[in-house]
Every structure is written in structure tokens, then in C-alpha cells.
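Visitor: I'd like to take a close look at just one part of this protein. Could you walk me through it slowly?

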Amino acid sequence: MGYIAMNRFKIAPGREADCEEVWKSRESRLKELKGFREFRLLKGPQNEDHTLYSSHVLWDSREDFEAWTKSEQFRDAHRNAGKSKTEGVVVGPPNFEGFETVLHES
């Protein structure tokens, strides 16, 4: 029924636009992968020390997601993670969460 892969990011105050620009300007190759359905970047609550963001990717299955993590596209997408574009923007490492769909209504 589907698999949702999420990474939560804490973004430094005042650096929200920089975070969004990194995501908007990236070369996404997700559409090249079997089982990819949808990507969303979500902006959450703002606290004193950070604004919460989450990348949210919907896959057909956990197996499709795991294939993505072993793909050339994944290596290319994460080649410069933590480098100059995100320096001072991201507070700490991302927090991954994966979810199997057990009920779906539309």
C-alpha cells in the first residue's frame, strides 16, 4: 500500500529561505526510480532555536525505497551533503523516519 520515507531537519533561525533554495535548486533524480510516487518538502513549527522541516517521499514499497538508497541517483543526491550549501543552515544531523502504510483513504 505504500511506504513513506521522511527526514526531519532543524534549520537555524533566519536561514529558512536558504534551506528552501537548496532543495529547489537540487538536481532531483527521484523520477528515474521505480516506485517513486511523490516528494514534498514540509515546513513545520518555528521554535527559538530552529524551524522544523521534513522531506517526505512516498514510494510504492519499502523495497523501492531501499533500492533508492543503493542507487547511483542516491549517491549523486547525497554527494555534497553537509558541505558549504548547508553549513550554518542545518542544526545537527537529519532524523530519518520510515512508515509502512496500513490504512489509506482518499
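In which sense do strand 1 and strand 3 pair, and over how many bridges? Please stay with strand 3 and tell me what surrounds it.

Guide: Happy to! Keep in mind that this is a predicted model. Strand 1 and strand 3 run antiparallel to each other, and their pairing counts nine bridges. To see one of them, find Ala5: its bridge partner in strand 3 is Val57.

Now look at strand 2. Strand 2 also pairs with strand 3 in the antiparallel sense, over eight bridges. Here you can pick out Arg40, which stands opposite His56 of strand 3. If you follow the chain from strand 2 to strand 3, you pass through a hairpin of four residues.

So what about burial? Nine of the nine residues of strand 3 are buried, so the rest of the structure largely encloses this strand. That goes for both faces: one side has Thr51, Tyr53, Ser55, Val57 and Trp59, while the other has Leu52, Ser54, His56 and Leu58.

Helix 1, residues 16-25, belongs in this picture too. Its residues Glu16, Cys19 and Trp23 are buried. They sit on the same side of helix 1, because they span an arc of only 65° around its axis. Strand 3 is part of what covers the buried residues of helix 1, as are strand 1 and strand 2. On the face turned away from that buried side, you'll find Ala17 and Lys24 exposed.

One last stop is Trp59, back in strand 3. Ring pairs tie Trp59 into a cluster with Tyr3, Phe36, Phe65, Trp68, Phe74 and Phe96.

Notes. Residues are numbered from 1 along each chain as its sequence is written. This is a predicted model: local features need pLDDT of at least 70, side-chain atom pairs count only at pLDDT 80 or more; totals for chains, interfaces and linings use all residues. Side-chain values use heavy atoms; hydrogens and water are left out. Buried means under 20% relative accessible area, exposed over 50%, partly exposed in between (1.4 Å probe, protein chains only). Helices (H or I, at least four residues) and strands (E, at least two) are DSSP runs, numbered from the N terminus. The arc is that of the directions from the helix axis to the C-beta atoms. Contact means heavy atoms within 4.5 Å. Rings of Phe, Tyr and Trp (its six-membered ring) pair if their centres lie within 6.5 Å; planes under 30 degrees apart count as stacked, over 60 as edge-to-face and the rest as tilted. Two strands pair if DSSP finds at least two bridges between them.
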